[in-house]
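User: I'd like to go through how the labels on this one were assigned. Can you take me from value to cut-off to conclusion each time?

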Amino acid sequence: MGNRGMEDLIPLINKLQDAFSSIGQSCNLDLPQIAVVGGQSAGKSSVLENFVGRDFLPRGSGIVTRRPLILQLVNSKAEYAEFLHCKGRKFVDFDEVRLEIEAETDRLTGSNKGISPIPINLRVYSPNVLNLTLIDLPGMTKVAVGDQPQDIEHQIRDMLLQFITKESCLILAVTPANTDLANSDALKIAKEVDPQGLRTIGVITKLDLMDEGTDARDILENKLLPLRRGYIGVVNRSQKDIDGKKDIRAALAAERKFFLSHPAYRHIAERMGTPHLQKTLNQQLTNHIRDTLPGLRSKLQSQMLSLEKEVEEYKNFRPDDPARKTKALLQMVQQFGVDFEKCIEGSGDQVDTSNLSGGAKINRIFHERFPFELVKMEFDEKELRKEISYAIKNIHGVRTGLFTPDLAFEAIVKKQIIKLKEPCLKCIDLVIQELINTVRQCTNKLGSYPRLREETERIVTTYVRERDSKTKDQVLLLIDIELSYINTNHEDFIGFANAQQRTAANATKKRVMPNQGEILVSTLPHAPPLVTSSLGGWGSQL
């Protein structure tokens, strides 16, 4: 590939970026690019304006850049700017460019200093620029101001990582010289994704604002925190110069004079300054595109073949093809199954924040409604005491009993266990009803096919009803098993000896001897509280 071909690499990538931005997706291709990162007021905007030679970026306090700005610089004889969202309109006045950036930012983010990851595409044609594409990202901040969300720091960080994590992205880390390099936000986040410093280019700004007697010589000579691509120092216009509308050409001349006259930077003056930075970035980006182009081309070709194959299938598409109808039917039924499973098992997709449904409602039936039904079971204490008395006397017959008979214990407990059947069956009915409601909810997506929706709902509901009767039979069987044999050796069973100890301890406190009913109550394995409180009156019936 000749020199002319190398020069065409950056415009070629620009066309791809524009195409992907127009359709709103990247087709899973990581295009080679340079992302500009740095803290607020690090001088990122001034560096970009120095490249163009015009004031065109929004300025102010706090977060000014609130959406990524894809800035495409194109060397041309004429000087004007174009936005991708304003096709056909040429901006000759760069003050209008600034106003358009502000308006387009507010259109998506509002005026509350919020941020958005959707980029603004700006192309600048000028004889003063080299072919170069940069992405200006929001400056990193620590504290939310005004109406900004409290997690603005994490939002900005996540947005930066979306760009700089990609191996195809070079990182232009902008750091002011009048702060400690070890605390640089830009270098810190760059090191997280590029620990070896292979993709990072360091830019040191505000060299003219360093304390007297200090300099950044060790940094610029790449000795302090080495980067494979090194550091380049620049001197931007001061706020006073910007307010006074100082010409950028005059500022570049002053920058050149600063490096040539400063004793610490004189020997590296040819490798410092905005013009050298722009030339270096042009070379670095061109070489980076050249290195990543084979992989990019291979990925594009494989995606193209896949799309062509898909297009070929649609060429022979016949709406009345039985095979396609069957495939579409299966896909819809499978999607119904996936949706039903998500409703029951839970999913992060489209969470309903107004009502409980599906699995959440079933969970509430088991953990709230069912225990409530158990507690709600009514016991007539007077009637229960009478039953206890009759049970004990009938079992003893003509004899006078000394101890409470086991048969009386079983008769009373079994009668209470039987009462569990009603709340259990009611719980099943509630769960079945919720499953049917979930089925109806999931078949809403089949609304375009009424007969399919009706049949799907009928078949699944019928199956659920079939399981209803089998589930009830199983639950009743479990209760019958509990009724058939009371295992007093089970570890949950307190036991008569332990019951005596407990009642003796209580008697010591109350100075009252326990009656037989109280002893028996303490031996009940799983009876509800109301049952056990009533059974405590056995002794009074003896």
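Analyst: Sure. Keep in mind that this is a predicted model. Let's start with Glu-255, which sits in helix α9, residues 248–261.

User: What makes Glu-255 count as buried or exposed?

Analyst: Its relative accessible area is 2%. Buried means under 20%, so Glu-255 is called buried. As for its surroundings, Glu-255 and Arg-237 are 18 residues apart in sequence, and their C-alpha atoms are 8.9 Å apart in space.

User: On to the cysteines. How many disulfides does the search find?

Analyst: Zero, over the whole structure. Take Cys-343: the nearest cysteine sulfur belongs to Cys-442 and is 3.8 Å away. A disulfide needs the two sulfur atoms within 2.5 Å, so Cys-343 is in no disulfide.

User: And why is Cys-427 in no disulfide?

Analyst: By the same kind of check. The nearest cysteine sulfur to Cys-427 is that of Cys-424, at 7.3 Å. The cut-off is 2.5 Å, so Cys-427 is in no disulfide.

User: Are those two cysteines buried or exposed, or something in between?

Analyst: Cys-427 has 7% relative accessibility, and under 20% is buried, so Cys-427 counts as buried. Cys-343 comes out at 23%. The range between 20% and 50% is partly exposed, so that is the label for Cys-343.

User: Now the sheet. What makes β3 and β8 edge strands?

Analyst: Each of them pairs on one side only. The sheet is open, with eight strands in the order β3-β4-β2-β5-β1-β6-β7-β8, and its pairing is mixed. The edge strands β3 and β8 cover residues 80–83 and 231–233. From one strand to the next, the twist averages 25 degrees.

User: How do you know that β6 and β7 pair?

Analyst: Count the bridges: six join β6 (residues 169–176) to β7 (residues 200–205). Pairing takes at least two, so these strands pair. They run parallel, and Ile-171 stands opposite Thr-200 in β7.

User: Last one: which residues line the largest cavity, and what makes the lining nonpolar, polar or charged?

Analyst: The lining is Thr-175, Pro-176, Ala-177, Thr-179, Leu-181, Ile-204 and Ile-219. Pro, Ala, Leu and Ile count as nonpolar, so the lining splits into five nonpolar, two polar and no charged residues. The volume of this cavity is about 30 Å³, and the search of the whole structure finds one cavity of 30 Å³ or more.

How values were computed: Residues numbered from 1 in each chain as written. Predicted model: local features only at pLDDT ≥ 70, side-chain atom pairs only at ≥ 80, totals over all residues. Heavy atoms only, no water. 1 Å grid on protein atoms, 1.4 Å probe; cavity = no way out; pocket = protein on both sides within 12 Å on 5 of 7 lines; lining within 4 Å. Points joined across faces, edges and corners; volume = space filled by probe spheres on them. Buried < 20%, exposed > 50% of the residue type's maximum accessible area, 1.4 Å probe, protein only. Helix = DSSP H or I, 4+ residues; strand = E, 2+ residues; numbered from the N terminus. Axes fitted to C-alpha atoms, helices over the stretch in contact; angles between N-to-C directions.
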